[in-house]
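Student: I have just opened this structure. Can you walk me through the fold?

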Amino acid sequence: MGVQGGCMCGLVRYECTADPIFMGNCHCRDCQRAAGAAYAPAIGVPRNAVKITGEVKYYESKADSGNMARRAFCPNCGSRLFSFPPFAPDLMVILATSLDDPSIFKPAMDIYTSSAQPWDHMNPALPKFPKMPPPG
Ligand SMILES: [Zn+2]
Ligand SMILES: [Zn+2]
């Protein structure tokens, strides 16, 4: 099926030819700040299946693991687009809000719920992890 999307002004576009590997909501403080929202709606895809067009800027910050996470945004309109998580070099994480059709987002879990905000009403049916889900 694949996914595609881009920023608000249209200068940055991306196209992913592969199906998403996972979908989930990240409630860590970095995602809250970067997304300007209660959580980041995240879609994991294989990095090598994505073609990016237009100039992208990255902000790097130290993740829980101590490694650097790179979050991409459009330098013109400021829209957050995707990130490269430090824990998986083959992975790219797309923000569902940047998709052309965000309604395809079906989160399967909530992660970093230890920093979820009291005004953030989570779906009680989804599995919750205080930080990262256990591997595997
Ligand atoms: Zn833009
Ligand atoms: Zn996060």
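Tutor: Gladly. Keep in mind that this is a predicted model.

Student: How many helices and strands are in the protein?

Tutor: Read along the sequence, the pattern is β-β-β-α-β-β-β-β-β-β-β-β. Counting its elements gives one helix and eleven strands.

Student: In what order do the strands of the open sheet stand?

Tutor: Eight strands form this open sheet, and their pairing is mixed. For example, β6 and β7 pair in the antiparallel sense, whereas β10 and β11 run parallel. The order is β6-β7-β8-β9-β4-β3-β10-β11.

Student: Which strands stand at the edges?

Tutor: Look for strands with a single partner. One side of such a strand is therefore left without a neighbour in the sheet. That picks out β6 (57-62) and β11 (128-129).

Student: Start with the β6 edge. Which residue stands opposite K57?

Tutor: β6 pairs with β7 over six bridges. The two strands form a hairpin with five residues between them. G66 lies in that turn and has a positive phi of about 95°. In β7, the residue opposite K57 is F73.

Student: Now β7 and β8. Which residue in the turn has a positive phi?

Tutor: These strands pair in the antiparallel sense over four bridges, with R70 opposite F84 in β8. They form a hairpin with six residues between them. The turn residue with a positive phi, about 80°, is G78.

Student: And at the β11 edge, what stands opposite D110?

Tutor: D110 belongs to β10, which covers residues 110-111. Two bridges join β10 to β11. The residue opposite D110 in β11 is K128.

Student: How many residues does the largest nonpolar core have?

Tutor: C26, I43, L81, F82, I94 and L95 have the most contacts inside this core. At least two core residues come from each of β2 (13-16), β4 (40-46), β7 (68-73), β8 (80-84) and β9 (91-95). The size of the core is 25 residues.

Student: Which residues does C26 contact, beyond its neighbours within four places in sequence?

Tutor: C26 is one of the core residues with the most contacts inside the core. With those sequence neighbours left aside, its contacts are C31, Y39, A40, A42, I111 and Y112.

Student: Last one. What is the radius of gyration of the protein?

Tutor: The C-alpha trace spans about 35 × 30 × 30 Å along its principal axes. With 136 residues, a compact globule would have a radius of gyration near 14 Å. The protein agrees with that, at 14 Å.

Notes
Residues are numbered from 1 along each chain as its sequence is written. Chains are lettered from A and ligands numbered from 1 in the order in which they are written. This is a predicted model: local features need pLDDT of at least 70, side-chain atom pairs count only at pLDDT 80 or more; totals for chains, interfaces and linings use all residues. A nonpolar core is a set of buried Ala, Val, Leu, Ile, Met, Phe, Trp, Tyr and Cys residues joined through C-beta atoms within 7 Å. A residue is buried if 20 or more other C-beta atoms lie within 10 Å of its own, exposed if 12 or fewer, and partly exposed in between; C-beta atoms are placed from the backbone. Two residues are in contact if their C-beta atoms, placed from the backbone, lie within 7 Å. Two strands pair if DSSP finds at least two bridges between them. The radius of gyration is taken over C-alpha atoms; the globule rule is 2.2 Å times the number of residues to the power 0.38.
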